[in-house]
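Hello,

Here is the structure I promised to pass on. Have a look at it first, and then read my notes underneath.

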Amino acid sequence: MQAGHVSGGVHFHGGHGEPGAAHGQPPPRQLPGDLRHFVNRTAELQSLDATLTTGGDPFVPPVCVIAGTAGAGKTALALRWAHQVKDRFPDGQLYVNLRGYDPGEPVSAEEVLPRFLTALGVTASAVPADTDSAAALYRTLLAERRMLVFLDNAATVAQVRPLLPGNARCLTIVTSRSRLSSLAVRDGADRLTLGTLDEPEAVALLRTVTAGHRAEDDAAKLAELARLCAHLPLALRIAAERAATHPHMSLDELITDLCDESALWDALSTGDEEGGEAVRAVFAWSYRALSPEAARLFRLLGLHPGPQFALGAVAALAGVSVRRARQLLDVLVGAHLLEQTAPDRFEFHDLLRAYAGDQAQQEESEQGRDEALRRVLDWYLHTADAAQGWIKPHERRLPSQPPADGVTPVSFADYDQAVDWAEREHANFLPAVRAAANAGLDAHAWQLAAVLWNAKAPSSLTSDWLPIGHAGLEAARRTGDRAAQARLLESFGFGYTKLSRIEEAQQAHEEALTVRRETGDRAGEANSLNALGLVHLRKRELGRAEARLGEASALFAESGETRRQTVTLANLALVRFRAGELEQAAEDIERALATHRQREDARSTGNALWILSGIQLERGEPQEALDSAEEALKFALDLRNHVAEACWLLAVGDAQQALGDHGAALTAYNRSATLHRRLGDRSREALAWHGTGETYRRLGRPDEAAAFHRRAAAAYRELGDAWGEAVALDGLAHAVREQDEPERDERERDGRGEQAAREHWAACLRLLDGYDDARARRMRTEVQARLDQG
């Protein structure tokens with residue numbers, strides 16, 4: 001991009017035509033397939049059609065809430081209508097199951113927004129971390145589109161409102177057991193309350209599902225079967241499937257069986273839920289018709305901690321082979337007791353999941369339930385350990401016991417397979433750790449938390465791991481395992497650093513260091529010292545950083561940890577570079593880089609190249625700096641590592657700016673800022689803003705430069721980062737002084753721009769008082785000289 005073609009501003013998010021957007025991506029088509037056997041509901045479909053033809057307020061996006069009791073067929077009706085009207089929305093469809101009534105945790109809007117944004121063409125790395133910013137970006141992207149948004153199984157308005165489009169050309173369909181009245185009051189939503197089917201409709205549904213499988217059944221008998229199902233579509237479909245798979249059994253026999261189940265449920269029922277007894281009776285009726293092995297799998301699946309389960313997890317849960325698990329899952333899917341969402345992934349209707357869990361409690365012994373949970377937790381633990389072997393191969397592996405009998409963890413052929421698994425299973429990680437802790441399996445809980453720090457997908461948010469880590473740390477403290485506590489505390493320290501929570505990071509690392517010294521863990525002590533050195537570096541306590549890193553290096557040398565000693569050498573090079581000691585920094589980083597290249601350590605090689613790029617730039621070698629930064633960035637992209645990508649993009653932008661390629665520099669800073677915002681690293685996001693300000697100043701656009709420098713200075717002030725604020729204020733002073741230059745003759749009388757610049761430089765000097773390294777001394781001298789010129 002040529003300097004003369006830079007746009008009027010930089011937007012720190014992705015979208016149509018913006019950095020961070022995936023261009024050429026087809027429109028999302030996320031609607032699940034339409035039901036094969038859908039009958040009736042003609043009046044309801046006509047009512048829904050009316051919401052699109054009545055010519056409502058052109059400024060109010062149409063929202064339709066389909067409410068009704070559990071099992072009434074809300075999703076089926078919404079899905080049928082969505083398929084009928086989808087052609088009116090050529091920009092695609094978005095769909096999510098919010099699991100508002102699932103026995104597990106409901107899905108929040110905060111979780112859904114990143115999925116929707118990536119489906120709309122935003123790269124995962126450019127999704128904002130906070131919900132308000134993500135929702136604003138979502139509405140922006142939908143502003144010029146005609147899209148259908150389907151929000152299934154919502155329990156609360158809070159799950160829905162951030163996902164509502166902001167323009168009247170989009171349609172939102174919401175299904176819920178609740179009325180969600182405030183959507184009607186505040187958002188103008190139309191509401192359709194769905195009741196049970198009347199008798200002719202219920203009989204028609206039974207006939208449709210059984211057609212071709214049975215001789216035509218007596219209408220009166222079908223009506224009786226429908227009554228026993230309370231005319232609820234979910235119960236009717238399961239009953240019809242049972243009848244279809246037993247073509248030679250008379251309806252009288254089927255009805256007698258169902259009556260027996262109904263009598264049992266009537267006796268146990270409290271009568272609180274309309275149609276609930278009938279639904280549970282039909283569940284029981286279908287469940288009892290399963291083979292003993294299929295019935296056992298059904299109820300054991302009710303123990304799975306997460307919302308979806310992979311084939312391997314199912315096999316482990318049941319203690320059977322993957323092949324046998326697939327056969328049994330096919331039986332459950334065929335009986336409409338389970339839904340298949342992908343070739344090897346399955347989930348329950350929320351009512352069926354609750355029912356399966358109840359059956360497990362009633363029919364499985366406590367020992368059987370415990371063994372099943374142990375097996376599936378073993379599967380997650382050992383599969384995550386295998387993933388860590390690819391994702392972070394140099395990190396310590398857990399000295400865990402072999403998996404239980406009947407458990408076959410997944411093995412991965414390459415790095416991408418491991419990352420793909422981590423991304424697919426992300427939603428199951430926290431439920432698995434909590435399930436282990438709730439079951440008193442504290443060793444599983446802390447080990448899962450520890451391995452998932454290293455096995456999580458590089459694109460995942462550090463903040464998502466924190467609740468996993470807290471559950472694991474509590475479990476480790478209950479067991480009294482101090483080594484486990486130190487390991488998790490170290491992970492918290494690195495996590496807090498990534499989130500710019502520096503004081504908490506230091507506290508966690510110091511606590512880990514204390515434990516390791518008390519237990520005589522010399523290798524762990526070295527790791528903690530290295531980590532503390534990096535915390536002091538973030539705080540620009542360069543003397544302390546160098547001291548800690550020096551101690552760590554000596555301990556690594558003592559224990560023969562040559563790779564970690566080289567990592568520490570690179571960290572020392574960064575400290576010396578920040579201090580302005582270029583010659584020593586260059587010597588250190590060249591040694592570290594050569595060793596990392598020899599070891600083919602991609603992550604560490606990239607890190608060394610990033611440090612080298614900064615040194616080269618400061619030595620007046622901008623092209624070499626760009627070459628190093630771009631090579632580092634390639635490593636980050638190959639590793640799908642957003643933390644590294646975000647950081648190393650800053651070096652790319654700095655080099656491009658120095659070479660006069662201002663448009664490319666703005667793009668690099670833009671992407672870095674959006675990545676860091678999503679990752680929660682406000683300190684490095686502010687670095688990207690500062691770089692953007694410097695670039696705009698070089699373009700002769702001081703107004704925009706000043707805006708970004710102010711933003712950076714405010715962020716650093718809030719973080720308590722005096723050095724960062726001082727650097728940003730220096731940039732701001734230059735920008736505000738240059739704002740006056742086109743009007744210099746007119747403004748010379750009051751000198752407002754010059755006076756503002758002097759105030760910023762004076763504040764900058766005060767902030768620099770706390771630093772005594774060579775770079776800080778040079779900067780103080782330069783700022784003082786500018787003040788003296790006045």
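The notes below cover one helix, its aromatic partner and a few other ring contacts.

This is a predicted model, where local features need pLDDT of at least 70, side-chain atom pairs count only at pLDDT 80 or more, and totals for chains, interfaces and linings use all residues. Residues are numbered from 1 along each chain as its sequence is written, and side-chain values use heavy atoms, with hydrogens and water left out.

Helix α31 covers residues 682-698; helices here are DSSP runs of H or I, at least four residues, numbered from the N terminus. Its 17 residues should span 24 Å at 1.5 Å a residue, and the end C-alpha atoms are indeed 24 Å apart (the expected span is 1.5 Å times one less than the number of residues). Of those 17 residues, 13 are buried, so the rest of the structure largely encloses α31 (buried means under 20% relative accessible area, with a 1.4 Å probe and protein chains only). At its start, a side-chain oxygen of D681 comes within 3.3 Å of the backbone nitrogen of S683. After α31 comes G700, with a positive phi near 75°.

The whole structure holds 16 aromatic pairs (Phe, Tyr or six-membered Trp rings with centres within 6.5 Å; stacked if the planes are under 30 degrees apart, edge-to-face over 60, the rest tilted). Y696 and F708 are stacked, because their ring centres are 5.9 Å apart and their planes at 25°. Y696 sits in α31 and F708 in α32 (residues 702-719), so the pair ties together parts 12 residues apart in sequence. Y696 is buried at 0% relative accessible area, and F708 is buried at 9%. Elsewhere, ring pairs join Y287, F298, F309, F348 and Y355 into a cluster.

Best wishes

Conventions. Helix = DSSP H or I, 4+ residues; strand = E, 2+ residues; numbered from the N terminus. Buried < 20%, exposed > 50% of the residue type's maximum accessible area, 1.4 Å probe, protein only. Polar contact = N/O pair within 3.5 Å; in protein donor to acceptor, adjacent residues only side chain to side chain.
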